[in-house]
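Hello,

Here is the structure I promised to pass on to you. Please open it next to this email, and then read on for what turned up in it.

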Amino acid sequence: MGMDLGLVVAVLCAMAAACEGDEAVGASFVFGDSLVDAGNNNYLPSLSKADLRPNGIDFAASGGQPTGRFTNGRTIADIIGELLGQKSYALPFLAPNTTGSVILNGVNYASGGAGILNGTGRIFVNRLGMDVQIDYFNITRRQLDGLLGKAKAKQFLWKKAIFSITIGSNDFLNNYLLPFFSAGERLIDTPDGFVNDLITSLRSQLIRLYSLDARKIVVSNVGPVGCIPYQKTINRIKENECVSLPNLLAVRYNAQLRDLLAELNGNLPGARFVLANVYDLVMELVTNYRSYGKHRFGFGWNHPRCSIVTTPDRAGFKTASYACCGNGGQYQGIIPCGPMSSMCEDRAGYVFWDPYHPSEAANLFLAKYIVDGDSKYVSPMNLRRLLRL
């Protein structure tokens, strides 16, 4: 298979933007769960951590050392920032060096185990739920006023900041569907009732972000969580199958999420809510993984300015069922990635890094469609258009 021209063009566009000058192209304020956590949970007494090797083994900026990212390299939020020409990764809010002018690049509030509902992820003891993440952004919001002045801070947020929200999976996996912990809750709340609770809470959270001057907001829907190695392993299904109930719940939630974002776009003056259709993107990748090249393109701030780093073009992904790093069961899907885990050699050939999270190669695939894709996967506009507004 030849090189994916769309990805090459996207990276070259990002490089060109980064070379135009020293002024920041944009800022990323990242909210969500372990799919985009950049290390906040390192600073929490939590059972949900990715601070041990081999997590981060391909993360160039740390020299392959773990940073708290739940993947072998960059998260989808990291890659989107690169493709949009941002100067550096958004630092975790809880990191002690996330202070002063660095917040003009954005801040990452995401937390492994987090959910829309405050009770989600309690099995991990500590995590930053969506409400707490917005509380922390409120602190950043006041810091921006101090750095820029109130008028310029508002304009900065309205024009240059993209707010990304990747949350909801844990509300199903580590709340509603969690064995033992939530059996009583499932008796009380029907699937439709639970989805309604999620949408009601998320509506309030998004309106609160808007009240804090967020205007360009991209919200990812919930992916096909029934296709992750953990679900496939515990449900003992075939390699070409996914577990139906988690995916059904995700589809129900995603339909209401689409309606919610359309509602907010109509009701909140100046708001630009964008839906990232991660469900269909991941399903496409899981279904047709052999068709997508796993070559890796990117440029990073640890490399010379505007350099491009590539690995040779190769055939498609090798598997979309097995975790590269994990242990237990048919798909290595029971025990999370850690120092005692088995690890695949061809990490770019695996869609999933561990029982729950995509590999960097899969994150590259997802990011390029969200930044530069068409309305099938990101609507009503892609992120490059959103940033230029």
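The lining of the largest cavity has 10 nonpolar residues and four polar ones, with no charged residues. Please keep in mind that this is a predicted model. The cavity has a volume of about 150 Å³, and 14 residues line it. If you want to find its centre, look for A77, I80, S164, T166 and V218, which lie nearest to it. Two or more lining residues come from each of β1 (27-32), α2 (76-83), β4 (161-166) and β5 (216-220). Of these, β4 gives the largest share, with four residues. In total, four cavities of 30 Å³ or more were counted.

How can such spaces be found at all? Rolling a probe the size of a water molecule over the atoms shows where empty space is left.

Next, the largest pocket, which holds about 870 Å³ of space. It is lined by 47 residues, and the closest to its centre are S34, N170, L173, Y356 and H357. By class, the lining has 30 nonpolar, 14 polar and three charged residues. Among the elements that supply at least two residues each are the helices α5 (169-176) and α10 (278-287). The strand β12 (350-352) and the helix α11 (360-372) do so as well.

Helix α10 is also where you will find Y279. Is Y279 buried or exposed? Its relative accessible area is 12%, and buried means under 20%, so Y279 counts as buried. Leaving out residues up to four places away in sequence, Y279 touches N221, V222, G223, P224, N247, A250, V251 and N254. Try measuring from Y279 to Y377 too: they are 98 residues apart in sequence, yet their C-alpha atoms are 8.9 Å apart in space.

Another residue to click on is Q133, in helix α3 (residues 130-148). Q133 is buried, with a relative accessible area of 0%. What does its side chain reach? The answer is the backbone oxygen of L128, at 2.8 Å. Beyond its neighbours within four places in sequence, Q133 is in contact with F31, G32, Y109, A110, S111, A114 and L128.

A few spots in the backbone are worth a look as well. Two peptide bonds are cis:

- R53 to P54, with omega about 5°; P54 sits in the loop between β1 and α2.
- S379 to P380, with omega near 5°; P380 belongs to the loop between β13 (378-379) and α12 (383-388).

Phi is positive at D213, near 80°, although this residue is not a glycine. D213 lies in the loop between α7 (191-211) and β5, and is buried at 8% relative accessible area. Q332, also not a glycine, has a positive phi near 55°. Its place is in the loop between β10 (325-326) and β11 (342-343), and at 22% relative accessibility Q332 counts as partly exposed.

Finally, the chain as a whole. It has 12 helices and 13 strands, and 57% of its 389 residues count as buried. Its accessible surface comes to about 15600 Å², with 56% of that belonging to carbon and sulfur atoms. Of the contacts between residues at least 6 apart in sequence, 71% join residues at least 24 apart.

Have fun exploring, and write back with any questions!

Best wishes

Terms used: Residues numbered from 1 in each chain as written. Predicted model: local features only at pLDDT ≥ 70, side-chain atom pairs only at ≥ 80, totals over all residues. Heavy atoms only, no water. Buried < 20%, exposed > 50% of the residue type's maximum accessible area, 1.4 Å probe, protein only. Polar contact = N/O pair within 3.5 Å; in protein donor to acceptor, adjacent residues only side chain to side chain. Contact = heavy atoms within 4.5 Å. 1 Å grid on protein atoms, 1.4 Å probe; cavity = no way out; pocket = protein on both sides within 12 Å on 5 of 7 lines; lining within 4 Å. Points joined across faces, edges and corners; volume = space filled by probe spheres on them. Nonpolar A, V, L, I, M, F, W, Y, C, P; charged D, E, K, R; others polar. Areas by Shrake-Rupley, 256 points an atom, 1.4 Å probe, with all protein chains shown as cover.
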